[in-house]
Amino acid sequence: MKRDEFLQFLRDLTAYYDRRTVPTKHAIDLWFQEVERARIPAEAVQFIFEHIIKGPDFPRNVPLAIKEGFQCWARDQGAQWDANNEAKHCPVNCNGGILFMKRYDEEQDRDFGYAFRCKHCGRSNATGIPAAFLDELQREGYSVNKGIEA
Ligand SMILES: [Zn+2]
């Protein structure tokens, strides 16, 4: 929040509560010192305003109210980020877009490890490895390789 954004914020807040007296320049200077330290991004300002005006009165401590609103905004962003990542979460729980599989080789009498790009979530754009669905691999004799070896 830059100084001009802060001044506009105060004007809006003063108008919202229909306050006759505007804060003194000295108070505004002191408040802005506090607010500036919080490094509030411009995109958070509207959220903070709406958060503060849920209160019954003009805040008794303006910088504190702004910082609380900012924390609320940050929590909200985090929750949205989690929600988006949940949506991208893989239905078969692959490993970051890769299916690590193994298959028994009769001739050599041992398991070999393989990696496939997971077609369920399509998260990986690793080139040079084939893409596959888990069930089709299982039908071809592959099983999930917990030990991740190539
Ligand atoms: Zn996947």
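Visitor: Where is glutamate 136 placed?
Guide: The place of glutamate 136 is in helix α5, which covers residues 134-139; helices here are DSSP runs of H or I with at least four residues, strands are runs of E with at least two, and both are numbered from the N terminus. This is a predicted model, in which local features need pLDDT of at least 70 and side-chain atom pairs count only at pLDDT 80 or more, while totals for chains, interfaces and linings use all residues. Residues are numbered from 1 along each chain as its sequence is written.

Visitor: What makes glutamate 136 count as exposed?
Guide: A residue is exposed if 12 or fewer other C-beta atoms lie within 10 Å of its own, buried if 20 or more do, and partly exposed in between, with C-beta atoms placed from the backbone. Glutamate 136 has 11 such neighbours inside 10 Å, and therefore counts as exposed. Its C-alpha atom is separated by 12 Å from that of methionine 101, which is 35 residues away along the chain.

Visitor: How do you know that methionine 101 has a bridge partner in β4?
Guide: The bridge partner of methionine 101 in β4 is valine 144, and 2 bridges join β1 to β4, which run antiparallel. Two strands pair if DSSP finds at least two bridges between them, so the 2 bridges of β1 and β4 satisfy that definition.

Visitor: What joins strand β1 to strand β2?
Guide: Strand β1 (residues 98-105) and strand β2 (residues 110-118) run antiparallel and are joined by 8 bridges. Leucine 99 has phenylalanine 116 of β2 as its bridge partner, and phenylalanine 100 stands opposite alanine 115 in β2. Their hairpin has 4 residues between the strands, and there aspartate 109 takes a positive phi near 55 degrees.

Visitor: Why do β3 and β4 stand at the edges?
Guide: The open sheet has 4 strands in the order β3-β2-β1-β4, with mixed pairing. Both β3 (131-132) and β4 (143-144) have a single partner strand, so one side of each is left without a neighbour in the sheet.

Visitor: How do you know that the span of helix α2 agrees with its 13 residues?
Guide: The expected span is 1.5 Å times one less than the number of residues. For α2 (residues 25-37) this gives 18 Å, and the end C-alpha atoms are 19 Å apart, which agrees. In α1, 14 residues should span 20 Å, and the end C-alpha atoms are 20 Å apart, which agrees as well.

Visitor: Why does arginine 39 count as exposed?
Guide: Arginine 39 lies in the loop between α2 and α3, and it counts as exposed because it has 8 C-beta neighbours inside 10 Å. Its phi is near 50 degrees, a positive value in a residue other than glycine.

Visitor: Which residues touch the most other members of the largest nonpolar core?
Guide: A nonpolar core is a set of buried Ala, Val, Leu, Ile, Met, Phe, Trp, Tyr and Cys residues joined through C-beta atoms within 7 Å. Of the 13 residues in the largest one, Ile40, Ala44, Val45, Ile48 and Phe70 touch the most other members. Two or more residues come from each of α1 (3-16), α3 (45-52) and α4 (62-87), and α4 gives the most, with 4 residues.
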